[in-house]
Structure formats: C-alpha cells, structure tokens
Amino acid sequence: MTQQGVRWTAEQVLALAPDAASRKAGSKLGAAGPWSETGSSDEGTVWGLCKGSGSKPYQTVIDIADASGPAYKCSCPSRKFPCKHALGLLLLWSGDDAAVPPGQAPDWAEQWTAGRRQRAAEKRTPGTAGSPAAAADPEAARRRAERRAERVTAGATELEQRLADLLRGGLAAAEQAGYGLWEETAARMVDAQAPGLAARVRELGAIPASGPGWPVRLLEECALLHLLDQGWLHRDRLPESLAATVRSRIGLPASADGPPVRDRWLVMAQYDTADTRLTTRRIWLYGADSDRTALLLSYGAAGRAPELALPVGLTLEAEVSAYPGAGQARAALGEQFAPPAPTPIRPPGMTTTQAAAHYGEALRADPWLDSVPVTLDRVIPTPDGDSWQLADADEDAALPLTPAARSRPGLWRLVALSGGTPVKVFGECGHQGFTPLTAWPQGAAPAVPLC
C-alpha cells in the first residue's frame, strides 16, 4: 500500500473539521511555521510536533489508512476529533511535499499506530475473547428483547390515546397547552424505551404557533406518528422488511446483518447535526461497481464530535454491510483494503423531475422518510424571488432548496462554483425541497463540499 502519492486537497481536509471554529483554527496551522520533525510513511502515517503555548510541543499523529477512516492522536487537551493541530498537519501534508517528507515514524507515533491496527485486527477476528460474539448469551438477549417490546407496546398504546385526546379536543388546544405537554409525553416514550417515538413527539411540540398553516403541519405529523404506532402494534402482519423499518423508526437497536459488499466507495458528503444530548455525523457513500448508495452514522456525546470522519471526494476500497429495513440506506463500514485516494469517479445523475419521482417511490417502502440521497446532473442554482432553486439546464423544471440550505454558506459556494453554468450536485431530496451537500463542476475538477 503506497501512501506517498496520495495527497488530498485543502477542501477535502477541511471537510473533516467538526465545526467552523476548528476549520478556522486548523487553517492557521496549515503552514510550516509552528511545525517541526514532520514526516509521513508508506503505511499511511503522518506525524509532526506543533509549537503551542507551553514549553513542550504537541505530538500529533494521523493514521490515514485506518479501517474506519482517518484516526487522530494529539497530546493537546482538545476534545474535538480531529483537533486543530491534526487539521493543520493534514493541510501541511496535502499542500507541500517538502514540508512533510517521507521517513521513519518516531517511536511515539509508531506505537500508537501499531496499537490501533492490532486492536482493529482483533475486532475482525471471530470468537476473540471478550468480543460481543463470544460473551453474548442468546437466551438472556431474547428475554431482554421481549421485555423491551412489552414496554414499547405499552408506550405506543398510551401515545395512541394521547393523539386521540388531542384530535377530539381540537388542534387549537395544542397551541394553548404549550411545549410542556409534549415534553412530558416524550419523557413517557423514553420510559417506554422508544426513543424514536420520543423524538417525533418533541418535533410535534415545535409546530403549534410556528407560522401560517401550522394546524395542517401538525395534523400531518400526527398522522405519521399514528401510522408508526399502528405499524408497531400490528408488526406481526407486516412484511419482514417493513417490520424492520418500523423497528428502526421506533428506535430499537439493530445490527448490520447484510452481506458485506466490497467496492470502491466514493465519499460523497459528510455533515453533523447536534442537539443537547448527541452529535450525529452522516457520511454518504456511493459504490462505483455496485451502483449502491450507503449511509454511515457515527455519534458523539454532547460536546464531542464523532470519531469517524472520511474525506469527501476520495474513494476507499472497503466492505460495507447494510442494516435491515425496507428502503433503508444505512450501513456499517467494515474492513478497509486501501487508504482513501483521489478518484475520477462521480455518481450518475438524474433530472429534478426524476428526483422528485424517486422520493415519491421511496415513500412506499418507508412512509416516515424525510428525504432520499440524490445526485442531480446539469443543474444551475437560480434565485426564485426570496428563495433559491436548482433549475435543470436542459428542461423546464426545478427543485426548490430547503429553508436550511438557503441559510448555509454552502449556497454561495455553490453559486460561485456554478457561475451560471451547469454543475453536478449531490444532496438530499425530500418534502421540504433539496439540500445540496457536494458539487462537481464541469471537467475533471475535484468535489467541493457544501456543508
């Protein structure tokens, strides 16, 4: 495995940043000034010492060939992954061959890298002592699953009654009741071990008095919640794939039990969403040979970024296993056979009309689906009154951008990249519109992250 010829672009490095502050701070450290004793190896390790405010420089090492994406270690006190020093070192490595020359890794970097790779190899070995497979008790797991199913059933039954009371009393009462009613109901769903129901109930609480037409939106969301309740209560009558989707939407844990698919996976997008409890990272992959789209999810506790991070626009040869469920794109990243590398691969695109139809078809398999991954071919970002849309260059059709997309800096990056000419754009298409995540200009230019 040769690493020296693989150099990422600055945008691909900065797409790994956990937040805007890290992106800005890492950019400042992307010059040779604060760095010493830098180097890189054929095995995919990059290291260096960065001068800080203390007497000792920070030791920073990155394993680019790690099986779960780039891995980072820095002696600084930051709790972010990657920290600003790791970002700065990657920027230095990506932009200047002479600043990070080939060499032999120092002991502190070599020990950390060897330890990580040994632990990863042990996890991939079936029956390893202490592994979940070796320690699991099938009978105890079955009893736990039965007890949890009973709690979820009790919670779904209670939620059905509360929805009936709401509709019987009229939706206007929801505005007067305030958010406390919804939070109390969500807490009851947490007690019932149904986190998916709890999250949807909390979303209901934000709808009353949220602007014109809120009663319609509330009724729509109540109907979807009722459908999910009924799906759980009658899950034994559903096809297994749809029953698996219901279990997933309820919030029950599941394992990626699909057969491993080895492919050259293009990293199409990566972005984070956060609340007071959790940071969720979504990474979209496209399999060049299988023509499949997969979603990797990674989580970090409140205030901490998830560890899994992959550079947008590169490909990695790896195995991916799908989670159960009808129309589900979620998958788990398995063994990686080569480090992320530049590629000319781009996902095939479709028109905006085809994208809207694709979302409609996906709703048949998963009625609770907010959006689907879509690549639009030859579209132009165009203003539409106070809003924006992506207009087809070759036909009279367009998709509006979601409100969230219109407020992001990535919109202006997309407009500048297009310059009025067609571009290829990957994003998420749903009932609120289209959210662009990555774009490719015409020609052989690399991907440009928009989030």
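Here is a short conversation about a predicted protein model and one of its helix pairs.

Student: Before we start, what kind of model is this?

Tutor: Residues are numbered from 1 along each chain as its sequence is written, and side-chain values use heavy atoms, without hydrogens or water. Local features need pLDDT of at least 70 and side-chain atom pairs pLDDT 80 or more, while totals for chains, interfaces and linings use all residues, since the model is predicted.

Student: How many helices and strands are there in the protein?

Tutor: Both are DSSP runs numbered from the N terminus: helices are H or I with at least four residues, strands are E with at least two. By that rule, the protein has 14 helices and 16 strands.

Student: Are α9 and α10 roughly parallel or antiparallel to each other?

Tutor: Helix α9 covers residues 195-205 and helix α10 residues 214-233, and they pack at about 165°. Angles run from 0 to 180 degrees between N-to-C directions, with axes fitted to C-alpha atoms over the stretch in contact. Under 35 degrees counts as roughly parallel, over 145 as roughly antiparallel, 65 to 115 as roughly perpendicular and the rest as oblique. The pair is therefore roughly antiparallel.

Student: Which residues in α9 meet α10?

Tutor: Contact means heavy atoms within 4.5 Å. On the α10 side, the partners are L218, E221, C222, L225, L228 and D229. From α9 come L197, R200, V201 and L204.

Student: What percentage of the residues in the protein is buried?

Tutor: Buried means under 20% relative accessible area, exposed over 50%, and partly exposed in between, using a 1.4 Å probe and protein chains only. Of the 451 residues, the buried share is 44%.
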